[in-house]
Amino acid sequence: MSEKDSLLERAGERAALTRLVGDVAAGGSGLLVIEGAAGLGKTELLNDARGHARTSGLRVLSAHSSELEQDFSFGIVRQLFERCVAESGPDDQDDLLSGAASPARLVVGSHVPDSETVSPSFATLHGLYWLTVNLAAREPLLLVMDDLHWCDDPSLRWLSYLIPRLEGLPVGLIMALRPEGEDRALLNRLLSASAMSARVLRPAPLTEHATERLLQEAFGRPVDQKFTLAFHRHVGGNPLYLHELVDIMKGQGVPPEVERIPHVGDLGAQAVVKSVGLRLALLGEPERQLAYALALLDEETDADLPAAVAGLDLRTALEATGRLAEAGLLKPGHGTSFAHPIVRSGVLAQIPRIEQAMWHARIATALIGRRAPAERVAAHLLGSPPGSVADGYAVLDEAASHALDQGAPDIALTYLKRALLEPLTVDRRLEILGRAGDVALFVDVAGSMEYLTEAIRAALSTAGRLEDRAETACRLGMALALAGRTDVAEQLWNDILTNAPPGDTDLRRFALAHLGILAAFLPERGDLRERLVQATATPPRDGRCGKPLDAVIAFFKAIAGDPDAKLHARRALSGPEWYLHDAGRLWTASHVLLLADLDEGTALLDEATTHIHRRGAVSSMAVAYTYRSLAWFLRGSLAEAHADATQAIWAVECAGVDASRPLSGAFHAEILIEQGLLDAAEAALDWSGMREGAPPASPLYYCLHAQSRLFHLRGDHERGLHAALEAGRLFAAHGGRNPAILPWRSQAALCLRALHRLPEAIAYAEEEVGLARAWGTPGPLGRALRLLSSLSGAEGTAMIEEAIALLAPSPHRLEHAKALMELGSRLRRQNQRSAARPPLRQAIDIATVCGAEPLAREAQIELRATGAYRYNRASPTGLASLTPSEQRITEMAARSVTNREIAQTLFITPKTVEVHLSNAYRKLGIRSRTELPSVLHGSTP
């Protein structure tokens, strides 16, 4: 097929590609998706875009997915960047892979970075993002990816991280894929998330007119219209099938005549497979063997590897390569590349399945002999018969370790599953079973139970230590709990308690801590919570298990409203930084510290988030950003809270940790409500998975509280009351009473007031005031007093004044603004208009800095009602008006840290740094960073 023919009737698609290339050449960014069935010309369009991009001065990096590489972590990423990095000189490599880009060495570099910068998952994605930034800083960049429907999941995760951060970069992405697919969950999420920014091209089948033209050109004479119509129906307007069927007809001497239409129909079925089979049949045995080897290798490579696999000497292989190109199976002048992915599929169709397995074993053996990377070998071991490759288990185990290092637990589990089919000693099998069970906790809880159960049975048959068996049992218990098999999990942990040596208090506390976690899954089992607290009233301060147990106790005391919770939380996080490697302890204890208004809670979250950026998994990022969004929210920094909540949602989607949806979605909804974005808040709750009959183990009460607020704000007070009461019922079932965690009583009181049921509203508000006083922190008490004041008469003035006195020096800025608003409104209703204006103006200013636009508007209305028509709500200015992010960035900029270095340090994009600095300059009344030192510190730069 000529280039002209391959792009027939594709003027619209070519124009869209040309526009994208022009935008990137001009410094912009863009995303374009080409979706269509095999053979419709997607690859030809990509080739056309590549050529236009190169002539426009863009650097073009290309990759194509394949079925074989779906289990090869970062396969697409490697194709895009490996050669580009390898062809750079040592100095260029160091520049490209320095700083925040350093973790990308794990995927595309020639060596692994030092232990301080190696990171398993999030940092790998972030490092690859910065590698893209560094390349784009040299010249505009176009990334072209074909057959993305076969893309490996780690590469898709990287794309989902990159695409929202394209703004401000001269980077374009073109992705081609087929619409079908057995399991495209991650790809579909990527495409859905990109829908607002991506243009999707769907090339249509060729028209009958185009088919007629191509037939006439192929046969060199006019073709009867009836034949053209029948032929067009047979090929469905598919250009590739059309040309393959024409080749078969010409090869068999079938003319394009009406009476030959039935024969054409017989030939048309699986035309490509038939065409490839016919071409191979006309070639010799060396060509067939080489074609089989190339199809199963599925990569462009030097001729020596496929020659060795096919059992040919190099000269014979080179001659066979030329003959395959002459037959149209390989691209002329492109070495060992097939003419089209469908041609490769046609070659594979000629090889029986059993023979394919043995071919894979031959390839794996050849790659091991060449010391190829473990994951490259493992891709073929997956298709090989068990035991057919010497030491295959060791290669699979190494490949699993590499996949885990790169943040691909799903692919690591695939390798470990296959390793378990190899002949193994008892000890090796036990080791791999344990690893498979641990990895499966992230991606396949049911599978985790299976592996860990078998590991326990294997351990019981050996002379292993009780502690080892107990730890495996506890991991199994967690998998059982996550899968809803809580009864079996409880029995496992009770068995450990029963069989633990009398003096081993550490092991006993290990089991008790897990029983405590189990209590969170069983709200009806108050006996478990009571047993935990009674049995461990004074747990040890040292030991590997005392501190996790302290964290569990802190959680239960906190939800019950016991101020002693903060003591246990502090003890859980004291000493060496073990908590950075113990996610459960970190999140549980830091959450308690946040609720107690202790600064170390926020500091620990910042430290942990930085640590996870460098070394943590994407699944850990989901939890880190969720809790940090809560920290910002409690302090009234809505912009920062929204940014972290958005990042948490990305991490949940990317890692597939659906268990985090209720918490992340509920926190995000609360933030959006304060920003006045009610439709977006409703969407966040929909995303959270909130539904009838959701398991009580999930934090559904957070979702119900946010839903109650939505109903109330939209005027549906009956449903708002029902949601608030249901939230309270579920919270109480978990032992919850603390309004610092869930202020459901005040929310119910708001709905009751709107329903004119004032006595009931006051009763709920008074109860919340009492519980908030017992907890003893300003935020919950200030909120409860504000509400009770709004329900009370003249005595309410003292309540709101107490609330303001509590909140003013506290970090709860948004609650402070609401209390000021309530005081001003109360004074205005009492006709004390002059006295009402100062608190209302202050409420407006604080609400504006917090980003709470609805509250600022409400206070503005109240202020006008006092007669202060001339109050102009100007944009906030001065140091006090800077958001926390603006403060941090301006401090760094004042120390002559570059925008690029700031972005790398704070794990944000260069564009975000520019936006924050621009906002800060406006608020501070300056024009450049050289003025920052004098404004911030009264000094000269």
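What follows is a chat between two people about a predicted model.

Colleague: Let's start broad: how many helices and strands does the chain have?
Modeller: Keep in mind that this is a predicted model. Helices and strands are both present, and the tally for the chain is 49 helices and five strands.

Colleague: And what share of the residues in the chain is buried?
Modeller: Buried here means under 20% relative accessible area. The chain has 941 residues, and the buried share is 56%.

Colleague: What about the exposed area, and how much of it do carbon and sulfur atoms supply?
Modeller: The chain exposes about 38,900 Å². Of that area, the part supplied by carbon and sulfur atoms is 52%.

Colleague: Which share of the contacts with a separation of 6 or more comes from residues 24 or more positions apart?
Modeller: A contact needs heavy atoms within 4.5 Å. Among contacts with a separation of 6 or more, residues 24 or more positions apart account for 66%.

Colleague: Now strand β1: how many of its residues are buried?
Modeller: β1 covers residues 30-35 and is mostly covered. Gly30, Leu32 and Ile34 point one way, Leu31, Val33 and Glu35 point the other way, and all are buried. That puts the count at six of its six residues.

Colleague: Which strands does β1 pair with?
Modeller: One partner is β4 (residues 171-177), which runs parallel to β1 and is joined to it by six bridges. Another parallel partner, β5 (residues 198-201), is joined to β1 by four bridges. So by the rule of at least two bridges, β1 pairs with β4 and β5.

Colleague: Which residues stand opposite Ile34 in those two strands?
Modeller: In β4, Ile34 stands opposite Ala176. In β5, the residue opposite Ile34 is Leu201.

Colleague: On to charges: how many salt bridges are there?
Modeller: Side chains of opposite charge can pair when their charged atoms come close. The cut-off is a Lys or Arg side-chain nitrogen within 4 Å of an Asp or Glu carboxyl oxygen. Counted that way, the total is 37 salt bridges.

Colleague: Take Arg315 and Glu319: which helix holds both?
Modeller: Their side chains meet in a salt bridge, 3.5 Å from N to O. Arg315 counts as exposed because its relative accessibility is 64%, while Glu319 at 38% is partly exposed. The two are four residues apart, about one turn of the helix, and both lie in α17 (residues 314-326).

Colleague: How far apart in sequence are the parts that Glu600 and Arg570 tie together?
Modeller: These two form a salt bridge with the closest N and O atoms 2.5 Å apart. Glu600 lies in α32 (residues 599-615) and Arg570 in α30 (residues 565-572), so the pair ties together parts that are 30 residues apart in sequence.

Colleague: Are Glu760 and Arg757 buried, partly exposed or exposed?
Modeller: This pair forms a salt bridge too, at 2.9 Å between the closest N and O atoms. Glu760 has a relative accessible area of 36% and Arg757 has 31%. Since buried means under 20% and exposed over 50%, both are partly exposed.

Colleague: Which residues join into one network through salt bridges that share partners?
Modeller: Here single pairs link up through shared partners. The members are Asp606, Arg628, Asp644 and Arg888.

Colleague: Switching to rings: how many aromatic pairs are there?
Modeller: Ring centres have to lie within 6.5 Å for a pair. With that cut-off, the count is eleven aromatic pairs.

Colleague: Is the pair of Tyr129 and Tyr161 stacked or edge-to-face?
Modeller: Their centres are 6.1 Å apart, with 85 degrees between the planes. Planes over 60 degrees apart fall in one class, so this pair is edge-to-face.

Colleague: Which helices does that pair tie together?
Modeller: Both Tyr129 and Tyr161 are buried. Because Tyr129 and Tyr161 lie in separate helices, the pair ties together parts that are 32 residues apart in sequence: α7 (residues 122-138) and α8 (residues 153-162).

Colleague: Which residues form the aromatic cluster with Tyr129 and Tyr161?
Modeller: The cluster includes both tyrosines. Alongside them are Trp130 and Trp650.

Colleague: Last one: which residue has its charged end over the ring of Tyr161?
Modeller: The charged end has to be within 6 Å of the ring centre. Here the distance is 3.6 Å, and the residue is Arg165.

Key. Residues numbered from 1 in each chain as written. Predicted model: local features only at pLDDT ≥ 70, side-chain atom pairs only at ≥ 80, totals over all residues. Heavy atoms only, no water. Buried < 20%, exposed > 50% of the residue type's maximum accessible area, 1.4 Å probe, protein only. Areas by Shrake-Rupley, 256 points an atom, 1.4 Å probe, with all protein chains shown as cover. Phe/Tyr/Trp six-rings, centres within 6.5 Å; stacked < 30°, edge-to-face > 60°. Lys NZ or Arg CZ within 6 Å of the ring centre and 35° of its normal.
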